[in-house]
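Welcome! Have the viewer open beside you and try each exercise yourself before reading its solution.

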Amino acid sequence: MVIIINIITRSALLVSFILVAAPIASADGVSVTRDRVSAEAVIGEMNFARQNPSRYAGYLEELRAHYNGRVLVLPGHTKIFTKEGLGAVDEAIRFLRAARPQQPLKLSAGMSRAAADHCAEQASDGVGHGEKDFSNPASRMNRYGTWGASLGENIAYGKTSARDIVIALIIDDGLPTRTHRKNIFNRSFNYAGVGYGPHARFGSVCSIAFAGSYTEHGKTADRASDSPAFAPWHLKRAFGQPAERYSWKTNIVTTVFWIGEAPSENNPVPNRASSWDKNWRRSYGGFDDPKPSHRSNYIPIRFTPRQNPFYCALPYNDKTRNGHRPEAPRVVPWFKEAYRGPGASTCKGRWIAIRKGDRVVYAQWEDSGPFRTDHWQYVFGNERPKPNLNQGAGLDVSPAVRDYLNLRDTDVTDWKFVEFSEVPRGPWSQLGDNNTFVINQRQETKTVARGAIKSWRPNRKIIAKATSDL
């Protein structure tokens with residue numbers, strides 16, 4: 001569903017309602033859930049489409065091969081029954097190819113809370129924009145702030161990932177006016193909020209609120225969304241269970257770097273040292289040769305690394321020469337639990353998940369970059385990476401990560417922080433003095449050995465018999 005509301009006067013509004021969603025049927029009766037949905041993920045996906053429309057058209061082109069008449073057949077035999085079939089997809093592709101890039105939407109905490117309220121109100125089987133308590137998009141947003149200039153709302157039912165939600169709204173199957181799409185690409189909208197939760201009939205509901213301006217409880221919406229402390233609490237409310245601590249950052253330009261890399265035009269700093277290790281190459285054991293012909297099983301042929309070959313860099317360094325950056329205790333989510341004194345980084349060695357298509361790899365954060373070391377608003381918050389010489393890259397990955405995901409030298413991935421307890425075993429768990437898996441295994445071995453020595457008692461009868469036999 002979509003509602004477009006343009007202010008005519010404060011008392012007169014032009015409202016347009018359009019129904020879009022249909023239930024998703026699965027051939028085997030099993031629902032398919034790929035990802036949790038977060039406000040950051042959905043708005044990041046819309047911003048990717050707004051800022052790179054011609055590139056986003058490629059995702060729609062990938063869907064064409066999955067159509068059988070008017071039925072979209074996805075992996076796992078999930079079937080989506082459409083009204084227009086390929087016609088709507090092709091029309092959306094043409095729109096994206098012709099569209100001009102535009103400014104990103106800013107995430108609003110208050111608008112996300114309003115959207116979460118909407119999802120919670122619909123959980124039992126509700127549909128539409130008005131609710132039993134007579135609330136509407138405008139009144140819900142006004143609970144947490146004040147909107148202005150223009151207002152809109154999209155609703156998607158039965159979708160299980162941010163990309164599924166946004167693609168469905170852009171295609172806008174069955175709606176000749178394509179008003180969902182118009183909301184996403186409306187240049188008058190500057191702020192957005194997202195809620196997501198269960199739905200008794202469709203499985204899930206996602207509500208997206210748009211506004212030209214929004215001021216919430218003494219601060220503007222963009223200031224609120226800059227705060228990395230803005231956890232998606234609205235997911236907890238909508239799902240009725242704890243939300244994921246960290247959300248995926250989607251469509252991030254990703255470049256490859258390596259320990260021992262020489263300086264170049266697009267990499268002016270040599271990688272002999274890292275932000276947290278002056279002798280990084282020595283600690284690693286040598287030059288992490290990126291040439292595929294010089295590598296085997298994700299490591300260089302010439303030596304076995306002394307550190308985890310699955311490493312990465314993000315554009316933030318929590319350390320200064322004499323301690324930590326002043327914002328670090330406030331913006332690093334795990335700062336308090338990881339703090340080991342002024343000389344140690346709280347970020348070094350942190351695990352992240354990196355996703356390309358259906359493959360996910362896990363790597364440890366071992367350096368700062370690309371280019372910047374101060375962009376906490378992106379690393380821990382909701383901003384996108386800043387422009388730079390490498391097409392706005394926001395993540396550097398090692399040759400091992402590249403090889404596992406089959407990445408090009410410059411590619412696009414998704415990433416998020418993960419707790420160590422969430423990291424499965426794989427090629428990233430096998431090597432390295434800095435590797436949490438290796439450290440824990442060594443500790444367990446020492447503990448078992450100490451226990452065996454402590455519990456051992458000599459058998460005096462056996463010793464006496466052996467002595468008499470001599």
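The exercises below work through a predicted model, each with a solution in steps.

**Exercise 1. The surroundings of D414**

Task: Find the strand that holds D414, decide whether D414 is buried or exposed, and list its contacts.

Solution:
- Step 1. Start with the location: D414 belongs to strand β21, which spans residues 410–417.
- Step 2. Next, check the accessibility. The relative accessible area of D414 is 12%; because the cut-off for buried is under 20%, D414 counts as buried.
- Step 3. Now collect the neighbours. Leaving out residues up to four places away in sequence, D414 touches W248, K249, T250, N251, A353, I354 and R355.
- Step 4. Look at two of these neighbours in detail. A polar atom of the D414 side chain lies 2.8 Å from the backbone nitrogen of N251. With R355, the side chain of D414 forms a salt bridge, at 3.0 Å from N to O.
- Step 5. Place the salt bridge in the chain: D414 sits in strand β21 and R355 in strand β18, 59 residues apart, so the pair links distant parts of the chain. Both D414 and R355 are buried.

**Exercise 2. Two more salt bridges**

Task: The whole structure has 20 salt bridges. For R97 with E61 and for K348 with E366, work out which parts of the chain are linked and how accessible each partner is.

Solution:
- Step 1. In the pair R97 and E61, the closest N and O atoms are 2.8 Å apart. R97 is in helix α3 (residues 86–98) and E61 in helix α2 (residues 53–63), so the bridge ties together parts 36 residues apart in sequence.
- Step 2. R97 has a relative accessible area of 42% and is partly exposed. E61, at 37%, is partly exposed as well.
- Step 3. In the pair K348 and E366, the closest N and O atoms are 3.0 Å apart. K348 lies in the loop between α12 (335–338) and β18 (351–356), E366 lies in strand β19 (residues 359–368), and 18 residues separate them.
- Step 4. Here the partners contrast: K348 is partly exposed at 32%, whereas E366 is buried at 2%.

**Exercise 3. One side of a helix**

Task: Which residues of α2 are buried, and how are they arranged around the axis?

Solution:
- Step 1. The buried residues of α2 are P53, Y56, A57, Y59, L60 and L63.
- Step 2. Around the axis they cover an arc of only 150°, so they lie on the same side of α2.
- Step 3. Recall the general geometry: an α-helix has 3.6 residues a turn, so residues three or four places apart point the same way.

**Exercise 4. Strand β9 and its partners**

Task: Determine how enclosed β9 is and describe its pairing with β7 and β10.

Solution:
- Step 1. Strand β9 covers residues 191–199; eight of its nine residues are buried, so β9 is largely enclosed by the rest of the structure.
- Step 2. Strand β7 (residues 106–107) runs parallel to β9, joined by two bridges. One pair to locate is K106 with its bridge partner Y191 in β9.
- Step 3. Strand β10 (residues 203–216) pairs with β9 in the antiparallel sense, over nine bridges. β9 and β10 make a hairpin with three residues between them, and H199 stands opposite G203 in β10.

**Exercise 5. The nonpolar cores**

Task: How many residues does the largest nonpolar core have, and which have the most contacts inside it?

Solution:
- Step 1. The largest nonpolar core has 48 residues.
- Step 2. Those with the most contacts inside it are Y316, I354, W365, F380, W415 and F417.
- Step 3. Apart from this core lies another, of 40 residues, including A39, A57, I93 and I167.

Terms used:
Residues numbered from 1 in each chain as written. Predicted model: local features only at pLDDT ≥ 70, side-chain atom pairs only at ≥ 80, totals over all residues. Heavy atoms only, no water. Core = buried A, V, L, I, M, F, W, Y, C linked by side-chain atoms within 4.5 Å. Buried < 20%, exposed > 50% of the residue type's maximum accessible area, 1.4 Å probe, protein only. Helix = DSSP H or I, 4+ residues; strand = E, 2+ residues; numbered from the N terminus. Polar contact = N/O pair within 3.5 Å; in protein donor to acceptor, adjacent residues only side chain to side chain. Contact = heavy atoms within 4.5 Å. Salt bridge = Lys/Arg side-chain N within 4 Å of Asp/Glu carboxyl O. Arc of directions from axis to C-beta. Pairing = 2+ DSSP bridges.
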